[in-house]
Amino acid sequence: MRIAIASDHAATDLKAELAEWLIDIGHEVADLGPDPGESVDYPDYGYKLASVVADGTVEFGIALCGSGIGISISVNRHPALRCALVSEPLSAALSREHNDANCIALGARLIGIEMAKSCVATFLETEFADAGDPAGRHQRRVNKLGTPPISTDHIETHQ
């Protein structure tokens, strides 16, 4: 599997450990930076990550910063990206199963390496529940994520 990983300066150690682990288990990893010791702005790396996931260069992205919050917000600014901030495997699985997330975000100051590996492994192993079913209830909802309405007076109800 082709995976891109990017971080800010607070998460370069976690990024390096995850990238090495992913390569060791057989994945192709594109490290989008930064290098350790550089002070950087997380939006720049979130946008870079979103771009390579959106254009199909990689299948999935891993976004890292101190809390995971800032970089996940920047990744999610791209309409084709669905980046889920997770801290345990159940949320990682549900992000794929129900939301077809194509990027996972983790907070380097909040999660240890073993839990991070567990979240990433679960994320990569979980299939989207409606894969191949364009009329599925999850797919209908995912389709709306990249195209928010201009007006909020349109609310669908389902029985």
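This passage describes the strand order of a sheet in a predicted model and the helices that lie on that sheet. Local features were taken at pLDDT of at least 70 and side-chain atom pairs at pLDDT 80 or more, whereas totals for chains, interfaces and linings use all residues. Residues are numbered from 1 along each chain as its sequence is written, and side-chain values use heavy atoms, without hydrogens and water.

Helices (H or I, at least four residues) and strands (E, at least two) are DSSP runs numbered from the N terminus. Five strands, the 5 strands of an open sheet, are arranged in the order S2-S1-S3-S5-S4 with parallel pairing; two strands pair if DSSP finds at least two bridges between them. Strands S2 (28–31) and S4 (83–85) form the edges, each pairing on one side only. From one strand to the next, the twist averages 20 degrees; axes are lines fitted to C-alpha atoms, for helices over the stretch in contact, and angles run from 0 to 180 degrees between N-to-C directions. Strand S3 (residues 60–65) is joined by 5 bridges to the parallel strand S5 (residues 103–107), and Leu-64 has Leu-106 in S5 as its bridge partner.

Helix H1 (residues 12–24) packs on the sheet and touches S1 (2–7), S2, S3 and S5, where contact means heavy atoms within 4.5 Å. The direction of H1 makes about 170 degrees with that of S1.

Helix H5 (residues 113–125) lies across S1, S3 and S5 and runs at about 170 degrees to S5. The buried residues of H5 (under 20% relative accessible area, 1.4 Å probe, protein chains only) include Ala-116, Cys-119 and Phe-123. These buried residues pack against S1, H1, S3, helix H4 (89–97) and S5.

Conventions. Buried means under 20% relative accessible area, exposed over 50%, partly exposed in between (1.4 Å probe, protein chains only).
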